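Morning, everyone. Please pull up the model on your screens, and I'll talk you through it.

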Amino acid sequence: MTFRNETLLWMLQRASAAVLVLCVVVHLATMIYAIRGGLSAGEILGRTRGSYGWLAFYSVFVLACAVHVPIGMRAVLSEWLAWRSGSRDIALVVFAALLAALGMRAVMGVFL
Amino acid sequence: MVWRGGSDGAFQEFEVPRYASQTVLDVVTHIQRALDPTLAYRYACRVGMCGTCAMTVNGVARWTCRTHIDKVAKDGALEIAPLRNLPVIRDLVTDMGEFFDKWAKARGCFEGTATRKDDFAKVTPESPGRVQVDAAIECIGCGVCYASCDVVTWNPDYLGPAALNRAWTLVNDTRDLANAKRLRAVAGDAGCHACHTHVSCTERCPKHISPTAGIAGLKRAVVKAALRGEL
């Protein structure tokens with residue numbers, strides 16, 4: 001992988017981290033509000049189903065995770081397992097796709 | 001306890017008399033001159049200028065000529081080993097070749113175009129670039145930062161704090177014209193983007209330089225160049 005792609009990956013990880021900071025704060029605040037307010041699962045689903053706002057928010061959250069996590073895993077695999085070959089990057093692309101697919105499945109589960 | 005042999009060596013115990021203002025280098029020198037002349041170690045200036053006498057003292061990389069025993073061994077026991085992350089030649093001597101090769105890989109050599117016929121370049125001490133250079137230029141190449149860096153341990157290709165700090169001084173040198181090539185050399189997994197900001201280099205640098213700050217500066221400079229399409 002060239003230094004340009006390495007730099008691009010680093011920028012993507014920093015940018016996705018900035019998005020995740022906001023997403024995690026909003027997510028935690030929402031969770032605390034929902035639990036402390038005593039909302040039931042049915043009431044929560046009643047608010048998320050058909051809500052394009054929550055769909056957009058959690059889609060961004062999931063996609064930011066799918067970008068951020070595999071890039072971090074790339075450094076962990078390189079440094080701790082000395083896995084630096086092309087197969088590592090292929091495995092991580094698959095891992096990213098899996099994160100995105102499972103995450104979006106969960107998002108659609110509360111939207112539809 | 002002093003390391004003897006190569007990387008597969010072992011510690012050997014010596015008894016050394018204590019005296020006031022004694023340094024770790026004094027202890028090693030006493031061992032070689034009075035107890036065992038076969039002990040290999042390296043030093044030159046003895047006053048913290050040349051950067052040759054760095055060793056691992058009680059688990060921490062230090063310049064031994066300026067490290068007083070009082071500071072590092074209150075109970076009088078010392079464990080002296082060669083620097084980490086470098087091949088051991090024998091006893092306390094490491095092969096610094098790879099360490100300095102990485103300075104060359106990071107394009108740590110000044111590249112200007114002025115000749116002796118040109119006038120002096122005018123760089124004011126207050127200029128932002130010169131302020132950055134001043135903060136980083138006093139490196140003596142002792143290898144303490146390199147030996148203290150976990151990323152070097154995990155990623156042998158990583159250029160390391162000293163080479164990147166040197167590159168940072170040149171990135172801020174307005175007379176140098178090789179920055180496009182230099183930023184390419186220090187970008188990526190073996191360069192500044194591999195740094196995890198553990199700050200061990202900054203913590204241990206005997207000259208109180210912050211390679212961490214320089215590496216962060218390189219990250220910013222590389223991203224700016226990438227966004228401008230100059231990388």
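I'll take chain A, then chain B, then the contact between them.

One caveat up front: this is a predicted model.

Start with chain A. Chain A has four helices and zero strands. Along the sequence the pattern reads α-α-α-α. Now the overall dimensions. Along the principal axes, the C-alpha atoms of chain A fill a box of roughly 50 × 25 × 20 Å. The radius of gyration of chain A is 17 Å, where a compact globule of 112 residues would come out near 13 Å. How much of chain A is buried? Buried residues are 12% of its 112 residues. Then the contacts. Take those in chain A between residues at least 6 apart in sequence: 82% of them join residues at least 24 apart.

On to chain B. Chain B divides into domain 1, residues 2-94, and domain 2, residues 97-227. Taken over C-alpha atoms, the centres of the two domains of chain B are 29 Å apart. How do the domains meet? 15 residues of domain 1 of chain B contact 15 residues of domain 2 of chain B. On the domain 1 side, the elements giving two or more residues are β3 (54-57) and β4 (60-63) of chain B. β4(B) gives the most to that side, with four residues. By class, the domain 1 side has eight nonpolar, four polar and three charged residues.

Stay in chain B for two backbone points. N58(B) sits in the loop between β3 and β4 of chain B. N58(B) has a positive phi of about 50°, and it is not a glycine. Buried or partly exposed, then, for N58(B)? N58(B) is partly exposed, because it has 15 other C-beta atoms within 10 Å, and buried takes 20 or more.

The second is D91(B), in the loop between β6 (88-90) and β7 (93-94) of chain B. D91(B) is not a glycine either, and its phi is positive, about 55°. D91(B) has 25 C-beta neighbours inside 10 Å, so it counts as buried.

Last item: the contact between the chains. How many residues does each chain put in? Eleven come from chain B and nine from chain A. Look at the chain B side. Helix α10 of chain B, residues 211-227, gives the largest share there, three residues. By class, that chain B side has six nonpolar, three polar and two charged residues.

That's the tour. Over to you for questions.

Terms used: Residues numbered from 1 in each chain as written. Chains lettered and ligands numbered in written order. Predicted model: local features only at pLDDT ≥ 70, side-chain atom pairs only at ≥ 80, totals over all residues. Contact = placed C-beta atoms within 7 Å. Nonpolar A, V, L, I, M, F, W, Y, C, P; charged D, E, K, R; others polar. Rg over C-alpha atoms; globule rule 2.2 N^0.38 Å. Domains from an automatic or database assignment.
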